[in-house]
Amino acid sequence: MRYKLLFFALLFTVICVAQNVKSPSEFLGYELGTHFSRHHQVIAYYEYLAEQFPQMMKLKPYGTTYEGRELLVAFVSSDENIHNLEAIQKEHMQAIENGTSPGKAIVWLSYNVHGNESVSTEASMQTIYEVLTVKKDWLANTIVVFDPCINPDGRDRYVNWYNSFKNTPNNVDINSKEHHEGWLSGRPNHYMFDLNRDWAWVTQKESKQRVKLYNEWLPHIHVDFHEQGINNPYYFAPAAEPMHEVITDWQKDFQTAIGKNHAKYFDKEGWLYFTKEVFDLLYPSYGDTYPIYNGSIGMTYEQGGSGRAGLGVITANKDTLTLKDRIAHHYTTGLSTIEMAANNVKALNDEFGKFYGHRDFEYNSYVLSGDKDKIGALTHLLDVHSIKYGFTTGKLRGFNYKDQKNEDLSENNTKLVVSTNQPKATLVKVLFEPQTKLSDSLTYDITAWSLPYAYGLDAIATGNIVNTNTNAPAYTITSINNATYGYVTDWNSMDDARFLTALLKNKINVRVAEEPFEINGKTFNRGSLIILKGDNAHKKDYVSILNDAVNKYHKELTPATSGFVDSGKDFGSDAVKMIKSPKIAALSGGSVSTLNFGEVWHFFEQQLHYPVTVLDDAYFDRVDLAEYDILILPQLHNLEDYRLKSIKDWIRAGGKLIAMGNSISVLENDDDFSIVEKDGKKNDSIQKPEPYAISTREYIKKTITGAIYKAKVDTTHPLAYGYNNIYYTLKLSGDAYEFLESENAVYIEDTQKPLAGFAGSEAQKLQNNSLVFGSEDMGRGKIVYMVDDPLFRGFWENGKLFFVNALFMLE
Ligand SMILES: [Zn+2]
């Protein structure tokens, strides 16, 4: 009740002061907090304010979402600052290069990154209105950037769902449907990606566009507004351990100062909150850490609420939590943050300059060597982050990522060099260092992400700054003609995979070599593609289709004037197989993980560009599986026996099942699948009772929260085409499986510790001699086991070809 009174009091003040400019409630036609506003209404209100305050507010659209909704930010400041916005931006960005301290503070407030954490966009409207109408004094030296909604598709999915299912009037009983979302729901964006895990990897359209704009501004303070479970009090900074070692004392201290300012307002209202717990600062792809590694005070604020809360809900304490309460809290911390910026303009600028000044790091250059396409994929990522790089050739010595000791990186090819003698030094260290220092293993996210491993590149780290040139590895694009017998090309990157799907979709016949061979004095490995004129005699536009694909994916094809090879199998051999264009389905709904399903969905549509049919759990049994060549089981925890039986019948008749992550443990219970889970339970007998208070720490012995392991690769297995004998796998759980009798494509041998990241002692033992990727026959069909998820968050670039091989190469 107290909350409500305060809120009305706030509204009243605001209405009196603002006079003829409409408050959110007046504009929307309902009292803020009594309905969820749809995204277009929010945009309309921002546009309305920009019209009312043309001197103080400037809108900047920065893109659209997958579903076509608009993305924009609003710059709010004094008349003078808005008039000089470009000059202020320029001066601020120069501070990064030359360590100066200009006189304006920049605060960036990001709302609603998580779709169903939908209070924050509502709060943004109240906050911007208050700043424009009442808090003008703060704007003399402060620029506030409002992003009203980072994730409009996720927000509208929730809001439209809620509006469809809510009771009238809304029902605060948590058992009512309005508090229980359906399957495709929750925090993520259209493709079920968590945008608060995507700042560093920018796999999603929304992130790519936003991070680009963010890097043009690099604010002093960034806030990411969230919600957590309904029974949690409010969370704000300072954050919890583990914190990355690069985080400066100033960044920590100022988080605390901001937290104390919030506490002052919360204490006055008698509101509960907590700090220094749960939300740590390590994984670099969050909306708090990414800004921190770019010199900002990055923070996460968490209100209790989320998809369960609706317009009101009864909590465990028998309190009624309303949307109005939730708005009031985010509104309060938003304003308090701007106040802190306005009162600390000089310190923020001085410290920002220092952050971008010289930093002492153990390693100062990262030198990477490998396939041109993989180097290219990595440089695309670096470009989004404004990270500078160069190239070099010749022999270099340093800490070798593969063997974890000082060695030469000696191949004579062109190498990518990323050094710390640039403004983005800190981000470079965080993304490239071989091992991230962990101050505490209690973190709720992955503890390893080092980019040389993720991109499958050979790499050394050295303390020296390596001299570079601008000569990127060059491509010689092949011109196709109709006279040549055929063309051959290598197979080792996602660009190669996209090249293949472009041809298959255009009905071009492509063959794959199951054995290495030599032609024109050049050796081709297993998995190399062979495109023959004779196979495509039916295609009138064969030359132009092939030319288009070659140019689009900058492919270097080797012309073959004959099918007679210098060594290995001739093109007419049984070992040179025609690649089929499989019809592929993926299971969704039911107990399928929405996140893993989203990774599969996004992979097909946005990365591989190949069609996938989404079969829902609700009608799966009525679908004739015989229409499909491949069925993908994303992670799931339940599959009914009768359903598994129909899947087995389909496999025996020639189907190929790809089982990912924990869906394997569902298959494991069925004797027809030979996969066996390694049992850690035997070791579980209690040796010595542990005190109650350390139970969480005991629990983590059994877990792996994202660690990198060195795995062996059987390069003769079709799943492994395009790989060499080592693969760095990102392990996301402690689950482990015994070797298969044969067809172990990738596996962890002997006793292995992770190369990087945390693995609990018991979980670690289970990984010894365990399967990563493998396959087995069942009748005329095949099962592919993918214990680790190569599509995880879309960023483990070097794992993706295993998945592609499972689709096209393995028969
Ligand atoms: Zn959230």
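**Figure 1. Helix 9 and helix 12 pass each other in a left-handed crossing.** A crossing is called left-handed if the near helix is turned anticlockwise from the far one by less than a right angle, and right-handed if clockwise. The model is predicted: local features need pLDDT of at least 70 and side-chain atom pairs count only at pLDDT 80 or more, whereas totals for chains, interfaces and linings use all residues. Residues are numbered from 1 along each chain as its sequence is written, and side-chain values use heavy atoms, with hydrogens and water left out. Helix 9 comprises residues 249-269 and helix 12 residues 345-355; their axes come within 10 Å and cross at roughly 150°. Helix 9 is therefore roughly antiparallel to helix 12. Axes are lines fitted to C-alpha atoms, for helices over the stretch in contact, with angles from 0 to 180 degrees between N-to-C directions. Angles under 35 degrees count as roughly parallel, over 145 as roughly antiparallel, 65 to 115 as roughly perpendicular and the rest as oblique. From helix 9, Trp250, Gln251 and Phe254 meet Ala347, Leu348, Glu351 and Phe355 of helix 12. Contact denotes heavy atoms within 4.5 Å. Helices (H or I, at least four residues) and strands (E, at least two) are DSSP runs, numbered from the N terminus.

**Figure 2. Helix 9 also crosses helix 11, here with right-handed geometry.** The axis of helix 9 comes within 9 Å of that of helix 11 (residues 323-342), and the two cross at roughly 130°. At this angle the pair is oblique. Helix 9 contributes Phe254, Ala257, Ile258, Asn261, His262, Tyr265 and Phe266 to the contact, and helix 11 contributes His329, Thr332, Thr333, Ser336, Thr337, Glu339 and Met340. Phe254 of helix 9 is also one of the residues that meet helix 12.

**Figure 3. His114, Glu117 and His226 supply the protein donors of the zinc ion.** The donor atoms are ND1 of His114, two OE atoms of Glu117 and ND1 of His226, at 2.0 to 2.5 Å from the metal. Donors are N, O and S atoms within 2.8 Å of the metal (3.2 Å for Na, K and Ca); water is not among the atoms, so sites may look incomplete. The angles among the 4 donor atoms range from 56 to 160°, and the site is irregular. Four donors count as tetrahedral if all angles lie between 85 and 135 degrees; four count as square planar and six as octahedral if opposite donors are over 155 degrees apart and all others between 65 and 115; anything else is irregular. Along the chain, the donor residues follow the spacing H-x2-E-x108-H. His114 is buried at a relative accessible area of 1%, and Glu117 is likewise buried at 3%. Buried means under 20% relative accessible area, exposed over 50%, and partly exposed in between (1.4 Å probe, protein chains only).

**Figure 4. Lys429 is a residue of helix 14 (residues 425-432).** Lys429 is buried, at 10% relative accessibility. Neighbours within four places in sequence aside, Lys429 contacts His244, Glu245, Val246, Phe361 and Tyr366.

**Figure 5. Ser386 occupies the loop between helix 13 (372-384) and strand 14 (390-392).** This serine is partly exposed, with 37% relative accessible area. Ser386 and Lys212 are 174 residues apart along the chain, with their C-alpha atoms separated by 8.4 Å. When neighbours within four places in sequence are set aside, Ser386 touches Asn215, Gln422 and Lys424.

**Figure 6. Phe165 belongs to helix 7 (residues 152-165).** Its relative accessible area of 38% places Phe165 in the partly exposed class. Beyond four places in sequence, Phe165 makes contact with Lys177 and Glu178.

**Figure 7. Cis peptide bonds precede Pro238 and Pro242.** The bond from Ala237 to Pro238 has omega near 5°, and Pro238 sits in the loop between strand 6 (234-235) and strand 7 (240-243). The bond joining Glu241 and Pro242 has omega of about 0°, and Pro242 lies within strand 7. Most residues other than glycine have a negative phi, and most peptide bonds are trans.

**Figure 8. Val278 and Glu743 have positive phi values.** Phi of Val278 is near 65°; this valine is in the loop between strand 8 (273-274) and strand 9 (280-281). Phi of Glu743 is also near 65°, and Glu743 is found in the loop between strand 31 (726-731) and strand 32 (744-748). Glu743 is partly exposed at 23% relative accessibility.
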